[in-house]
There are 2 protein chains.
Amino acid sequence: MVPRAWILSIGNELVLGQIVNTNGTWLARKLTLMGFEVKRIVSLPDSEQEVVEVLSDALRKGIEVVISTGGLGPTYDDRTSEFIAKAIGEELKLNDEALRMVEEKYRSKGLEITEHRRKMALLPRTAKPIPNPVGTAPGILVERGNTLIIALPGVPREMQAMFEEYVEEILKNKAPRIERVEAWIHVEDIPESTLAPIIDKVLRRYPRVYIKSHPKGEELGKPMIKLYVLVTGFNKDEVAKTLNSVVENLEEELIRAGAKISKEN
Amino acid sequence: MVPRAWILSIGNELVLGQIVNTNGTWLARKLTLMGFEVKRIVSLPDSEQEVVEVLSDALRKGIEVVISTGGLGPTYDDRTSEFIAKAIGEELKLNDEALRMVEEKYRSKGLEITEHRRKMALLPRTAKPIPNPVGTAPGILVERGNTLIIALPGVPREMQAMFEEYVEEILKNKAPRIERVEAWIHVEDIPESTLAPIIDKVLRRYPRVYIKSHPKGEELGKPMIKLYVLVTGFNKDEVAKTLNSVVENLEEELIRAGAKISKEN
């Protein structure tokens with residue numbers, strides 16, 4: 001079975017509709033490429049009830065990987081560490097390694113450790129800190145049952161650097177070994193409802209293929225659709241061969257239906 | 001208690017990290033302005049298990065409003081209607097009103113009703129269709145216990161038109177009594193692309209504020225834009241104060257960017 005992943009994007013600004021959740025999308029693509037199946041991306045307010053509820057739900061379902069972003073900073077509403085501790089039933093504890101990371105960051109800037117800054121080193125008792133090469137707040141790594149919980153900051157630059165430098169390596173133990181290839185086909189001149197039975201037909205022929213149509217609106221009164229084709233599998237040659245065959249098949253059917261097509265790889 | 005809302009964004013492309021969930025953010029702001037508390041925005045795959053699970057969870061918790069986007073079209077993977085039926089324990093049924101809406105759309109284009117197109121009129125037995133003034137797939141409105149479930153298409157233009165023309169009116173019964181104040185600002189001499197980051201900045205500073213720019217074409221070669229500003233809240237004085245502050249803020253930034261402005265209340 002493919003290991004599942006949930007992404008939790010924590011922050012009032014997300015559920016108030018003030019900012020778009022680009023962190024969730026970035027992580028979803030990274031996890032998908034690694035072979036995980038992202039089952040949910042959940043934007044949540046900085047609320048104990050909401051975050052603990054979703055974390056507990058993930059633990060109950062044994063979701064293999066849960067990655068959160070947001071709520072790790074020094075301010076009063078940064079409470080993700082506390083929420084994780086609550087969800088796994090652990091005390092918060094000053095983590096020596098995390099404290100060293102935080103102290104080093106501030107000392108290098110000639111700044112003192114304050115109460116607010118020390119707060120960033122308070123982790124659930126069995127958690128490990130993840131270094132933050134860009135900002136100050138360390139990430140959090142903790143395992144409970146079948147579930148690996150990883151908390152990263154909400155600042156995209158920090159989150160991305162930490163994921164690529166540390167988290168990807170950590171996740172390799174949980175990820176399956178898979179091969180993936182994909183292609184995009186631009187389709188013009190036929191409506192989505194004409195496309196539907198063509199996709200159905202091709203999908204019935206190939207079991208390990210994913211096809212999704214993205215309507216791009218109309219240009220000069222002609223429908224424009226982008227077709228995404230994804231093939232995954234455990235054998236590289238087979239996956240490449242399948243993609244070629246699927247794309248050829250689709251193009252043939254589309255042209256017969258009167259579409260104008262162009263490819264993009 | 002403030003009525004709660006969950007937003008469900010359905011589509012494999014979201015959890016595969018192929019597209020950012022802008023629909024969720026747009027709806028979150030709209031619902032916030034109406035006085036709802038958005039507790040979750042959940043991106044989900046086109047998967048029966050996942051969608052039914054989250055819908056059932058919302059029903060169990062008595063969440064007042066659940067709005068979904070995506071999965072209403074004619075293709076094989078558009079199954080939101082089926083998922084809702086399952087979650088509320090109803091049969092799918094060909095809805096006469098929905099069928100009329102769909103037929104009308106295709107007839108006006110000289111197209112026949114096919115099996116795939118008829119599928120868009122299959123609704124849960126007690127559901128009502130919501131007209132789609134832009135595309136072909138009707139929305140779905142159904143109530144169960146304390147929860148109002150509203151399903152809209154994933155194409156942003158369609159979703160937004162349906163929300164503004166029909167859903168807002170429907171939701172007024174569930175929304176708390178809120179205060180609304182609005183203002184118009186005429187902006188001259190700067191293009192919309194210069195305006196965009198200024199609006200973004202102000203929006204990030206004020207959560208219960210909605211700003212919409214209406215380009216009014218060019219006069220004597222100079223761009224003219226009308227800015228609509230809406231502020232909502234639970235306290236009359238506070239709302240008025242916020243509007244003043246937002247308008248002042250906007251004017252300051254606009255003048256700094258080289259715009260000529262005039263107000264209208």
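The structure holds 2 cavities of 30 Å³ or more. A cavity here is a set of points on a 1 Å grid over the protein atoms alone where a 1.4 Å probe fits but cannot get out; a pocket is an open set with protein on both sides within 12 Å along at least five of seven lines, and lining residues have an atom within 4 Å of a point. Grid points are joined across faces, edges and corners, and a volume is the space filled by probe spheres set on the points.

This is a predicted model, in which local features need pLDDT of at least 70 and side-chain atom pairs count only at pLDDT 80 or more, while totals for chains, interfaces and linings use all residues. Residues are numbered from 1 along each chain as its sequence is written, chains are lettered from A and ligands numbered from 1 in the order in which they are written, and side-chain values use heavy atoms, with hydrogens and water left out.

## The cavities

The largest cavity encloses about 110 Å³ of space. Its lining consists of 14 residues, and those nearest its centre are A:N21, A:S43, B:N21, B:I41 and B:S43. At least two lining residues come from each of α2 and β2 of chain A and α2 and β2 (37-44) of chain B. Helices (H or I, at least four residues) and strands (E, at least two) are DSSP runs, numbered from the N terminus.

The second largest cavity has about 70 Å³ of space. Its lining is formed by A:W6, A:R40, A:V42, A:V54, A:D57, B:W6, B:R40, B:V42, B:V54 and B:D57. Two or more of these residues come from each of β2 and α3 (48-61) of chain A and β2 and α3 of chain B.

The table sets out the linings by class. Ala, Val, Leu, Ile, Met, Phe, Trp, Tyr, Cys and Pro count as nonpolar, Asp, Glu, Lys and Arg as charged, and the others, Gly among them, as polar.

| Space | Nonpolar | Polar | Charged |
|---|---|---|---|
| Largest cavity | 6 residues | 8 residues | no residues |
| Second largest cavity | 6 residues | no residues | 4 residues |
| Largest pocket | 22 residues | 18 residues | 10 residues |

## The largest pocket

The largest pocket contains about 1,300 Å³ of space. It is lined by 50 residues, and A:E192, A:H214, A:P215, B:V155 and B:E158 are the closest to its centre. Chain A contributes two or more lining residues from each of α8 (192-205), β10 (209-219) and β11 (222-233), and chain B does so from β1 (4-10), α1 (12-15), α2 (22-33) and α7 (156-171). The greatest contribution is that of β10(A), with 8 residues.

## Salt bridges

Side chains of opposite charge can pair when their charged atoms come close. A salt bridge is counted when a side-chain nitrogen of Lys or Arg is within 4 Å of a carboxyl oxygen of Asp or Glu. Over all chains, the whole structure has 47 salt bridges.

One of them links A:R40 and B:E50 at 3.0 Å, N to O. This pair crosses between chains, from strand β2 (residues 37-44) of chain A to helix α3 (residues 48-61) of chain B. A:R40 is buried at 5% relative accessible area, and B:E50 is buried at 6%. Buried means under 20% relative accessible area, exposed over 50%, and partly exposed in between (1.4 Å probe, protein chains only).

A:K212 also forms a salt bridge, with B:D77, and the closest N and O atoms are 3.5 Å apart. A:K212 belongs to strand β10 of chain A and B:D77 to the loop between β3 (65-69) and α4 (80-88) of chain B, so this pair joins two chains. Both A:K212 and B:D77 are buried.

Within chain B, the side chains of B:E253 and B:K201 form a salt bridge at 3.0 Å, N to O. Because B:E253 lies in helix α9 (residues 236-256) and B:K201 in helix α8 (residues 192-205), the pair ties together parts that are 52 residues apart in sequence. B:E253 is buried at 12% relative accessible area, whereas B:K201 is partly exposed at 40%.

## A residue beside the largest cavity

A:N21 is among the residues nearest the centre of the largest cavity. A:N21 occupies the loop between α1 (12-15) and α2 (22-33) of chain A and is buried, at 10% relative accessibility. Its side chain makes a polar contact (a pair of N or O atoms within 3.5 Å; within protein, one must be able to donate a hydrogen and the other to accept it, and residues adjacent in sequence count only if both atoms are side-chain atoms) with the side chain of A:S9, at 2.8 Å.
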